[in-house]
Structures are given as C-alpha cells and as structure tokens.
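Grab your viewer and work through the exercises below. Try each task before you read its solution.

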Amino acid sequence: MPRILGVDIPNEKPVYVSLTYLYGIGRVTALDICFKLEINPQMKAKDLTDDELSRIVNVLDTDYSVEGQLRRTTQQDIARLRDIQSYRGIRHRRGLPVRGQNTQTNARTRKGGKKTVAGKKGVKDARH
C-alpha cells in the first residue's frame, strides 16, 4: 500500500480513486492532480513509482490544504465562531444543526437519540 501524507491508499484501485482517501481530496481534485503531473488516472495505485509518489506529495504540500492541516483549520474556524458567540457558534456549542435545517421533527443525527419526556401520557388521561 502506498502511503501519502500518513494515509495508506488502496493498491487495487485507480490512482484518482485512491487519492480520494485523503481528507480534502475529491474526485475532481484527484483528476486535476493526475493531469498536472501527467500520471495516468486509470493506473492502479500499486504501480506508482517512488518518483511519482514523491511528486504527488510535493504537489499536495505546496498547492493544497489536506489532511491534518485542513482538519486543524476547520476546527479553528469552528472555535472562532464559538468564541465570538455568533449564531452558528451557538448552534455548534449546543449540538444543533448549523445551516438552518428544521429541528422540530428531524435533526436526529445532530441531536442524538430521542429523549422521552415522562408524564405526558398521564396528562392526557387526566383531561378526560
């Protein structure tokens, strides 16, 4: 398995698909990298030479923000929003959806499992 920026990329997949295993690299960016370095995107990752691997690493270091650097930047941006107490920062702090999604019935991924409120059944029975 070739190792790029601390990530093992799969051997049996084409180079452009293997590059998408890096955080911050999608298919379009992976294809751009392959064409910039004149590497056949359909070639298997195990067939990459050491020279080609080093050229890929150099391009990723100079032109792109990927892996740890990108994760760190994202976390710093979220921390800044929390510190200035913007609307988005408050939503991040409370674990609620940040981008305006409906929360009355959905948002279970952000909010976690359902929290049942006790006593509702008894209140209904007391009315009748």
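## Exercise 1: two helices crossing

In this predicted model, the axes of helix H4 (residues 67-83) and helix H5 (residues 87-94) come within 7 Å and cross at roughly 105 degrees. Work out how H4 is oriented to H5, and which residues make the contact.

**Solution.**

1. Start with the angle: 65 to 115 degrees counts as roughly perpendicular, so a crossing of roughly 105 degrees makes H4 roughly perpendicular to H5.
2. Next, pick out the contact. H4 supplies Ile 78, Leu 81 and Arg 82, while H5 brings in Arg 88, Gly 89, His 92 and Arg 93.
3. Finally, sort these contact residues by type: three are charged, two are polar and two are nonpolar.

## Exercise 2: the two sides of H4

Take H4 on its own, check its span against the expected value, and find its buried and exposed residues.

**Solution.**

1. H4 has 17 residues and runs 24 Å from its first C-alpha to its last, close to the 24 Å expected at 1.5 Å a residue.
2. Now list the buried residues of H4: Glu 67, Ile 78 and Leu 81. They sit on the same side of H4, because they cover an arc of only 70 degrees around the axis.
3. Flip to the face turned away from that buried side, and you find the exposed residues Arg 72, Gln 76 and Asp 83.
4. As for what covers the buried residues of H4, the cover includes strand E2 (7-8) and H5.
5. Just past the end of H4, look at Gln 85, which takes a positive phi of about 55 degrees.

## Exercise 3: a glutamate in H4

Is Glu 67 buried or exposed? And which residues does Glu 67 touch?

**Solution.**

1. Locate Glu 67 in helix H4.
2. The cut-off for buried is under 20% relative accessible area. Glu 67 has 13%, so Glu 67 counts as buried.
3. Leaving out residues up to four places away in sequence, Glu 67 touches Leu 5, Val 7, Tyr 21, Leu 22 and Tyr 23.

## Exercise 4: the same game with H2

Find the buried residues of helix H2 (residues 27-36), and say what they pack against.

**Solution.**

1. Ala 30, Ile 33 and Cys 34 are the buried residues of H2. Their arc around the axis is only 100 degrees, which puts them on the same side of H2.
2. They pack against helix H1 (15-18) and helix H3 (50-63).
3. On the face of H2 turned away from the buried side are the exposed residues Val 28 and Phe 35.
4. Just after H2 comes Glu 38, with a positive phi of about 55 degrees.

Key:
Residues numbered from 1 in each chain as written. Predicted model: local features only at pLDDT ≥ 70, side-chain atom pairs only at ≥ 80, totals over all residues. Heavy atoms only, no water. Axes fitted to C-alpha atoms, helices over the stretch in contact; angles between N-to-C directions. Helix = DSSP H or I, 4+ residues; strand = E, 2+ residues; numbered from the N terminus. Parallel < 35°, antiparallel > 145°, perpendicular 65-115°, else oblique. Contact = heavy atoms within 4.5 Å. Nonpolar A, V, L, I, M, F, W, Y, C, P; charged D, E, K, R; others polar. Buried < 20%, exposed > 50% of the residue type's maximum accessible area, 1.4 Å probe, protein only. Arc of directions from axis to C-beta. Expected span 1.5 Å × (residues − 1).
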